[in-house]
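Have a look at the model below before reading on. The notes that follow go through its helices, its cores and a few single residues.

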Amino acid sequence: MPTSRSSESTSSASHRSTTHSTSSSASRDEVLDMLKKDHRNVKKAYKEFTKLDPLEDTERCDAIVRQVLADLQVHTTLEEEFLYPAAREAEPKLIDEAEVEHESAKALIEQLDQMEVGDEKFSARFTVLCEYVEHHIKEEEKELFPKLEKLRLDWATLSEQMLARREQLEPPPDAMEDGAPDGGGTRKGSSSQRPA
Ligand SMILES: [Fe+2]
Ligand SMILES: [Fe+2]
């Protein structure tokens, strides 16, 4: 009977869509939680840096800066390669702004990558980078992410691709230098992690 077939297929489609949306929202949370965790790590590292004297705690300051630079390079790459392109159609203005902010942050990252802790304006440059990134994080978490949460993106694929890319970009723990402080590696030469 056409009526019963149609009601059967509607019910099965709605079941599939519920299942799909549950797994999709789990993937969406996975993606956004991963990015928010990166944000928290940068803010935490910067907070520690502000309490140190780069001339006295040179080694620790250097380790913090190298870690933040490496983490930011991974984070910005993941957003630029996957999240931003997926969201561009729905939020072109916010994505344009985010990309321009990344460009400015990356210019400072490149400069710091070539500098030593004792260099003139090293500390100032790192402070400006972190304050800039904190502003960018606020915009992402208060404006962009809440909008993205409502979009029907292919979150499962995004999550899969971003996790795989992250593994590619992050060196395995045994590739870190010996004696890395607090489980954080001093990933020098992090420029090799930049996307081509
Ligand atoms: Fe970003
Ligand atoms: Fe971000």
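How many other C-beta atoms lie within 10 Å of Arg 166, and is Arg 166 buried, partly exposed or exposed? There are 15 of them, so Arg 166 counts as partly exposed (buried takes 20 or more other C-beta atoms within 10 Å, exposed 12 or fewer, partly exposed is in between, and C-beta atoms are placed from the backbone).

Some ground rules: this is a predicted model, where local features need pLDDT of at least 70, side-chain atom pairs count only at pLDDT 80 or more, and totals for chains, interfaces and linings use all residues. Residues are numbered from 1 along each chain as its sequence is written, while chains are lettered from A and ligands numbered from 1 in the order in which they are written.

**Overall picture**

The protein has 5 helices and 0 strands (DSSP runs numbered from the N terminus: H or I of at least four residues for helices, E of at least two for strands). Read from the N terminus, the order of elements is α-α-α-α-α. Of the 196 residues, 22% are buried. Take the contacts between residues at least 6 apart in sequence, and 76% of them join residues at least 24 apart (a contact means C-beta atoms, placed from the backbone, within 7 Å).

**Helix pairs**

Here are three packed pairs side by side. Axes are lines fitted to C-alpha atoms, for helices over the stretch in contact, and angles run from 0 to 180 degrees between N-to-C directions.

| Pair | Angle and axis separation |
|---|---|
| H2 and H3 | about 155°, 10 Å |
| H3 and H4 | about 160°, 10 Å |
| H2 and H5 | about 155°, 10 Å |

Start with H2 and H3, which pack at about 155°. That angle makes H2 roughly antiparallel to H3 (over 145 degrees is roughly antiparallel, under 35 roughly parallel, 65 to 115 roughly perpendicular, and the rest oblique). H2 passes H3 in a left-handed crossing (left-handed if the near helix is turned anticlockwise from the far one by less than a right angle, right-handed if clockwise). On the H2 side the contact includes Val 65, Leu 69, Leu 72 and Tyr 84, and on the H3 side Ile 95, Ala 105, Ile 109 and Leu 112 are among the partners. By class, this contact has 11 nonpolar, 3 polar and 5 charged residues (nonpolar: Ala, Val, Leu, Ile, Met, Phe, Trp, Tyr, Cys and Pro; charged: Asp, Glu, Lys and Arg; polar: the others, Gly among them).

Next come H3 (residues 92-113) and H4 (residues 122-149), at about 160°. H3 is thus roughly antiparallel to H4, and H3 passes H4 in a left-handed crossing. Among the residues making the contact are Ala 105, Ile 109 and Leu 112 of H3, with Leu 129, Val 133 and Leu 144 of H4. This contact divides into 12 nonpolar, 3 polar and 4 charged residues.

H2 and H5 are also roughly antiparallel to each other, but H2 passes H5 in a right-handed crossing. Val 74, Leu 78 and Phe 82 of H2 take part, as do Leu 158, Met 162 and Arg 166 of H5, among others. The split here is 8 nonpolar, 2 polar and 3 charged.

Arg 166 fits right into this last picture. Setting aside neighbours within four places in sequence, Arg 166 is in contact with Val 74 and Leu 78. Its C-alpha atom is 6.8 Å from that of Val 74, although the two are 92 residues apart along the chain. Leu 163, also found in helix H5 (residues 155-169), is partly exposed, with 13 other C-beta atoms within 10 Å. The C-alpha atoms of Leu 163 and Glu 30 are 9.7 Å apart, with their places 133 residues apart along the chain.

**Cores**

In soluble globular proteins, nonpolar side chains tend to be buried together. The largest nonpolar core has 16 residues, and Val 65, Leu 69, Leu 72, Ile 109, Leu 112 and Leu 129 have the most contacts inside it (a core is a set of buried Ala, Val, Leu, Ile, Met, Phe, Trp, Tyr and Cys residues joined through C-beta atoms within 7 Å). Helix H2 (58-88), H3 and H4 each give two or more residues to this core, and the largest share, 8 residues, comes from H2. Apart from this core lies another, of 13 residues, including Tyr 84, Ala 87, Ile 95 and Leu 144.

**A loop residue**

Lys 121 sits in the loop between H3 and H4. Phi of Lys 121 is near 65°, a positive value in a residue other than glycine. Most residues other than glycine have a negative phi. Lys 121 is exposed, with 11 other C-beta atoms within 10 Å.

Note on methods
Contact = placed C-beta atoms within 7 Å.
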